[in-house]
Amino acid sequence: MIEALSLTKRHGSRLAVDDLTFTVPDGTATGLLGAAGSGKSTVLRLAAGLDRGEGRVLFDGAPLARCPRPAAAVGVALDAGSLHPGRTARGHLRVLAAGAGVPRRRVDEVLEQTGLTGVEHRRPGVFWRGAAQRLAVAGALLGRPRALLLDDPLPALDPDGRTWLGSLLREHADGGGSVLLTGSRAADLAPMVDALVVLRRGRLAAQGPASELVAGAAASVLVRASDAGRLTAAVLRWGGGVEPLPDGALVVTGLDIAAVGEVARAEGVAVHELSRREADLDAALAAPAEVALPASDLLGSSAVSA
Amino acid sequence: MSPAVALAAAVRLEVARLLTLRSTVVLLAAAALVGALGAAGFCALGARTDLGRSGLLEALTAGSAVGLSLTGVLAAVAGAAASASDHRHGAARAALVVVPRRGALLAARAVVVGSWSSVLAGTSLVAATAVVAAWPGEPLWGASPRLAVLAVPLAGFVALVALHGLAGCALASLLRSAPLAVGLVVAWPLVLEPLLRLALPRASWAEAVEGLLPAAAAVRLVALPPVASGAAGLVGPLAAGLALAVVVGVVAAGAAARFVRRDA
């Protein structure tokens, strides 16, 4: 089990991670979702003891430095592109295996497991990004860890690679392990995980079962009306939420498309556009910070293992 | 993970790093080449002119007692490259993930860089000895003291190269630049220390300080014993080695403090 407790990280006066608490229970995979700069990688670096910050991350109740065999407790895949240009894939794994105290034959096993046997004697200069990512995952698997931390592994992988990684992580979780991986696209991340922790500028914006969060975030309606202010007031009276867009349109949450139409008609506001918004968590994450995140309404109502 | 277990793991990791790079073999070959070429140069010079009693020592150490130690510079390059890979290729992060104890990683780095630099020094010595032994006429043997007398400065040479390796490693970690670190190691005896000497006042205490400056101490460390302890103001090899070790230790402490405090 991975427990992140009150994680906080400052870069000068800027809060990169702000009092973040979440849990990844055994047997589950959790996605840490957020736009670029939201603090996802920082959370993983804090968990791995690479960054100095406040709060604690416990792996089966102990911080990484206190684990008798760290590589058996946690496997970490960060910086897939950060490889020494003079060292082969096998050499890279041999170094990690030496530090982790695992036998050399384990290197062969993870090379096989990650489909890298064909490139094991190549150097990173001739790697494609997917191979570098697979190598990072191979390094994380060396110690047969209980917990896996993977930083943004998906963009580097092709569809086959994503399918492979999804199966690998599912198998790991089904075997009783816990998985925490980061990503910036809910559409990519949600199918691979059981739960999502959504970060917005270092703060917890939402957390809960992945399917619920994605579905909840998608339930919004885009409306352009002759009097946006009047319609906003009416929607709020009807219990909906409103997110004004810079171009004057409104994104309404909590009411379906028919209800929004009815509210507008009752208020006598002319509607110029009314459509179900396919916006999802990704769009919400990409929105400016001062605009309310629709998914934040879910925080608390559908939170799990907070 | 106990400190002892962490240190053992970190040493294994550092050794594996060395053994999985081609540049390791290149550096060994370069050390042998420097030793051989240096010895050949002094042998050729010795055949034409009398190099005195220190000629053999200069040949074996590739001229380390007359100024810049080329083998030492090679060790500094190796040490600086080890530190540079920490921030250029994420080596420190990869190491911290499997050995999450910064103190153990630092100690292991110092042990392995020091040992590896000593291996480079030994390789250079072996190559130089082979050249001197094979040189026609053996011009340097006659005036040289016995090998037992040479043992101390030769041990000093190995220590000097090891300190160069550690200095390169610590400076590169502190400055976050391998070229800058190696440049400083090279520029110190050639430019910076001579300038510093000019700035010192003419006083007895200044003479003592002058003898303990890094480049001066390096020369004394590899000098033949009577030269090192003969005149006032000159220090012996032990004091010179300690002075040099203190300077390297201060730089290493700065680098260690930075590594321990900063994000990896």
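**Close-up views of a predicted two-chain model**

**View 1. The second largest pocket and the helices of chain B around it.** About 560 Å³ of space lies in the second largest pocket of this predicted model, where a pocket is an open set of points on a 1 Å grid over the protein atoms alone at which a 1.4 Å probe fits, with protein on both sides within 12 Å along at least five of seven lines. The volume is the space filled by probe spheres set on the points, which are joined across faces, edges and corners. The lining numbers 27 residues, and those that lie nearest the centre of the pocket are D86(B), L106(B), S173(B), A255(B) and F259(B); a lining residue has an atom within 4 Å of a point. Two or more residues each come from helix 1 (3-19), helix 4 (70-88), helix 5 (91-98), helix 6 (102-134), helix 7 and helix 12 (237-261) of chain B, and helix 12 of chain B gives the most, with six residues. Helices (H or I, at least four residues) and strands (E, at least two) are DSSP runs, numbered from the N terminus.

As to conventions, residues are numbered from 1 along each chain as its sequence is written, while chains are lettered from A and ligands numbered from 1 in the order in which they are written. In this predicted model local features need pLDDT of at least 70, side-chain atom pairs count only at pLDDT 80 or more, and totals for chains, interfaces and linings use all residues, with side-chain values using heavy atoms and leaving out hydrogens and water.

**View 2. A nonpolar surface patch on chain B.** L175(B), L180(B), L184(B), L190(B), V191(B), L192(B), L195(B) and L198(B) make a nonpolar surface patch of about 730 Å². Such a patch is made of residues with over 30% relative accessible area and no salt bridge, with nonpolar side chains (Val, Leu, Ile, Met, Phe, Trp, Tyr) joined within 5 Å and, in patches of charge, like charges joined within 9 Å. Accessible areas come from the Shrake-Rupley method with a 1.4 Å probe, and for residues only the protein chains shown count as cover. Helix 8 (residues 178-199) of chain B gives the most to the patch, with seven residues, whereas L175(B) has its place in helix 7 (residues 147-175) of chain B. L175(B) counts as partly exposed because its relative accessibility is 35%; buried means under 20% relative accessible area, exposed over 50%, and partly exposed in between (1.4 Å probe, protein chains only).

**View 3. Salt bridges between separated parts of chain A.** Over all chains, a search of the whole structure finds 22 salt bridges, each being a side-chain nitrogen of Lys or Arg within 4 Å of a carboxyl oxygen of Asp or Glu. In one of them the side chains of D18(A) and R203(A) meet at 2.9 Å, N to O. This pair links distant parts of the chain, with D18(A) in strand 2 (residues 14-24) and R203(A) in strand 9 of chain A, 185 residues apart. In another, the closest N and O atoms of D26(A) and R146(A) are 3.0 Å apart. D26(A) lies in the loop between strand 2 and strand 3 (29-33) of chain A and R146(A) in the loop between helix 5 and strand 6 of chain A, so the pair ties together parts that are 120 residues apart in sequence. D26(A) is partly exposed, with a relative accessible area of 36%, and R146(A) also counts as partly exposed, at 35%. A network of salt bridges links D26(A), D60(A) and R146(A).

**View 4. Two arginines of chain A with positive phi.** R144(A), although not a glycine, has a positive phi of about 50°, and R144(A) lies in the loop between helix 5 (129-141) and strand 6 (147-150) of chain A. At 56% relative accessibility, R144(A) counts as exposed. For R201(A), phi is likewise positive and near 50°, and the place of R201(A) is in the loop between strand 8 (195-200) and strand 9 (203-209) of chain A. R201(A) counts as exposed, at 61% relative accessibility.

**View 5. Cysteines in a structure with zero disulfides.** Over all chains, the structure holds zero disulfides, a disulfide being a pair of cysteine sulfur atoms within 2.5 Å. Among the cysteines, C67(A) counts as buried at 5% relative accessibility, and C169(B) counts as buried at 9%.
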